[in-house]
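Open the model in your viewer and keep the selection tool at hand. We will walk along one helix, then visit some aromatic rings.

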Amino acid sequence: MERALDVLLCFAGERGGLGVTQIAAKVGLYKSTVHRILAALESRGFVRRDEATGRYHLGLKALELAQVYLSSGDLPTIALGEMLQLRDLAQETVSLYVRDGAERVRVQRAEGPLTVRRVVGLGERLPLYLGASGKILLAWCSPVERERILDEQLPPGFDRAALEARLKQAREQGWALSHEEREEGVASVAAPIIDRAGRCVAALAISGPVSRFTDDRVALFSRAVQKAANAIGMKL
């Protein structure tokens, strides 16, 4: 069971499918073992094999489980109404991220209506030390946890002092901004979602091409994302 779950987790953030050799390298298993696991997963619909390429992709059964999660009445469902309103106001993509260890995961989205927009898949995992949402989740976690994550995750040469200054600024102003930190040409504004118990449970973000994130629009987005995040938090 544990090995099968490890194989399934290999597909997180992968869009082009995976070959048996790639999966075996990721999970540290023999290819023959991976073949058997994939055969069992394929028989249950959790993965599918592309006959043309021989690569494996997530199957419909995995999608069914994802839809159950999204419609289960928890955070992604509760947040969606406010996210759609925020999307309509900003005319940009709105995303909901939660922290999972030292990473952030996109669990809900409202895609922007414009042709050029930021697109991140649901379930995609991203680092916490890059991007506005990551800074929000880092800034609002406990000091001990934040220090541990920074100690373990920052790559060599990363400007930790500058990051910690931006985290402090985010807490003071209630929102964070990123310009081309993780991906060239992309900007984002994010705010924390604080539940009624005072816990930061997620980060709400507006993202899009950096050319559309002018000073005036950043000012508008920062107010709007905080208002929407507060409204979501009051429902939790």
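Select Ala161, Lys168 and Glu172 in α8: these residues are exposed, on the other side of the helix from its buried ones. Bear in mind that this is a predicted model.

Now turn α8 over. Leu163, Leu167 and Ala170 are buried. They share one side of α8, because the arc they cover around the axis is only 60°. Show α6, α7 and β6 (176–179) next; the buried residues of α8 pack against them.

Check the ends of the helix. At the N-terminal end, Asp159 is the cap, with a side-chain oxygen 3.4 Å from the backbone nitrogen of Ala161. Just past α8 sits Gly174, with a positive phi of about 90°. Measure the helix itself: α8 has 14 residues and spans 20 Å from first C-alpha to last, close to the 20 Å expected at 1.5 Å a residue.

Move on to the rings. How many aromatic pairs does the structure hold? There are two. Select Tyr129 and Phe158: they meet edge-to-face, 5.2 Å centre to centre, with 75° between the planes. This pair links distant parts of the chain, 29 residues apart. Tyr129 lies in the loop between β5 (125–127) and α6 (132–139), and Phe158 in the loop between α7 (143–153) and α8 (160–173). Tyr129 is buried at 17% relative accessible area, while Phe158 is partly exposed at 24%.

Then select Phe213 and Phe221. This pair is also edge-to-face, at 5.1 Å and 65°. Phe213 is buried at 4% relative accessibility, and Phe221 is buried at 1%.

Last stop: Tyr97. Arg104 lies over the face of this ring, 4.8 Å from its centre.

Definitions and conventions. Residues numbered from 1 in each chain as written. Predicted model: local features only at pLDDT ≥ 70, side-chain atom pairs only at ≥ 80, totals over all residues. Heavy atoms only, no water. Phe/Tyr/Trp six-rings, centres within 6.5 Å; stacked < 30°, edge-to-face > 60°. Helix = DSSP H or I, 4+ residues; strand = E, 2+ residues; numbered from the N terminus. Buried < 20%, exposed > 50% of the residue type's maximum accessible area, 1.4 Å probe, protein only. Lys NZ or Arg CZ within 6 Å of the ring centre and 35° of its normal. Expected span 1.5 Å × (residues − 1). Arc of directions from axis to C-beta. Contact = heavy atoms within 4.5 Å. Polar contact = N/O pair within 3.5 Å; in protein donor to acceptor, adjacent residues only side chain to side chain.
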